[in-house]
Amino acid sequence: MAERPPATDNVARGASGLAGYGLAVATTVAATVVAEVLRPVFVTIPTLPFTAAIALTAWRSGMAPALVALGLGTVSVTYFFLTPLYSLRVESFLTAAQIGGFVAVAGFIVWVIQSLRVARLVAETAVRDRDAFLATAAHELRTPVTTLKGSADLLLAVHARGTLTPERMVAGLRRISATSGRLAGLVEDLLDISRLRTGVPLRLQMIDLAALIRDAADEVGARLGERHRLTVATAEVPLVARVDPDRLKHVLLNLLDNAAKFSPAGGEIRVRAMADGIGTRLEVADEGIGLPTGAARSLFAPGSRATNATTAHLPGMGLGLAICHAIVTQHRGRITLASPGEGQGTVASVWLPTAGPPETETTGKRRA
């Protein structure tokens, strides 16, 4: 799914800009008229119509217009309904207490309503994100399944005609094997997200990160063949750190696969590793489609994808970076993305502490 501003930003802007402040003025005027008509009915100051006006404004237009309605209501109550009439002077402690009580009650109502609005918008956003993710996942899973069925049906049809040669059978089986591998990778990503949320224990070891990086680069390089140029630069001294080698290799493979997927054929992918303070920094840089301004932070959420990747119809469910972020965070490290802009490549940077996470933080719920 494409990145979007947080739901709370939408709340802060209000429902409709200036219209919200217009509603604050209109409801205050209406409350003043109603309070004046019902003046003989009220034993004390007629705050109920103003409280209702403030609550309506808060629900329809948000916090800022509601505070304007609260201010206008306070002025109207003081001017029209408290002695001395038609004056904003407060001449007694009782009058001040009445105004203070009205402001406190109305302010609390505004806070409650605003909290409900935020919760509602966050829930609506979560539902939209879930639906978008499920649609993306269904599409990504359907593509390899369709390819598998098509390849199998083709082999069966050729066999039925009696024209199935060994070469054609091998080509079909290779296509089925490659597609099933991609399908297995998609399913594994879905399982990884679930495992990481419930807690997967780390199996920490002191290892040379440079050797792990070269191993991951060799594995990806063998798959890429001549499509990309992959270069690796590491420090001459060992870069020793306490990590889970299997989980960290998963991070490196994800970052390298992303770099290849989002880069044009023949583009260079550069991997660097260097000591950085009390830890080690790993970087994977590509010459691909880059990132839109402000997109980097949101891409670590499960199911989130950059708009230019979606527009270009590049495959993916938006899980790889979420998995990387969860693993690196569990190691007490940091992962960031940086890009000068669209079409100018991306640099994924991972920093890991040499000492690793405390032993008490490496345990979790084990896989069933």
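How many aromatic pairs does the structure hold? In this predicted model, the structure holds six of them, and the views below take up one of these pairs together with a helix and two rings that lie beneath arginine charges.

**View 1. The rings of Phe-80 and Tyr-86 form an edge-to-face pair.** The two ring centres are 6.3 Å apart and the planes meet at 85°, so the pair is classed as edge-to-face, for which the planes must be over 60 degrees apart. Phe-80 is partly exposed, with a relative accessible area of 29%, whereas Tyr-86 counts as exposed at 52% relative accessibility.

**View 2. Five residues form one aromatic cluster.** Phe-80 and Tyr-86 belong to this cluster along with Phe-50, Tyr-79 and Phe-81; Phe-50 is also one of the buried residues of helix H3.

**View 3. Helix H3 comprises residues 48–61.** The 14 residues of H3 reach 20 Å from the first C-alpha to the last, which is close to the 20 Å expected at 1.5 Å a residue. The buried residues of H3 include Pro-49, Thr-51, Ala-53, Ile-54 and Ala-55, as well as Thr-57, Ala-58 and Ser-61. Just after the helix, Gly-62 takes a positive phi of about 100°.

**View 4. Arginine side chains lie over the faces of two tryptophan rings, Trp-59 and Trp-351.** Arg-120 is placed over the face of Trp-59, at 4.9 Å from the ring centre, and Arg-334 is placed over the face of Trp-351, at 4.4 Å from the ring centre.

Technical notes:
Residues are numbered from 1 along each chain as its sequence is written. This is a predicted model: local features need pLDDT of at least 70, side-chain atom pairs count only at pLDDT 80 or more; totals for chains, interfaces and linings use all residues. Side-chain values use heavy atoms; hydrogens and water are left out. Helices (H or I, at least four residues) and strands (E, at least two) are DSSP runs, numbered from the N terminus. The expected span of a helix is 1.5 Å times one less than its number of residues. Buried means under 20% relative accessible area, exposed over 50%, partly exposed in between (1.4 Å probe, protein chains only). Rings of Phe, Tyr and Trp (its six-membered ring) pair if their centres lie within 6.5 Å; planes under 30 degrees apart count as stacked, over 60 as edge-to-face and the rest as tilted. A charge sits over a ring if NZ of Lys or CZ of Arg is within 6 Å of the ring centre and within 35 degrees of the ring normal.
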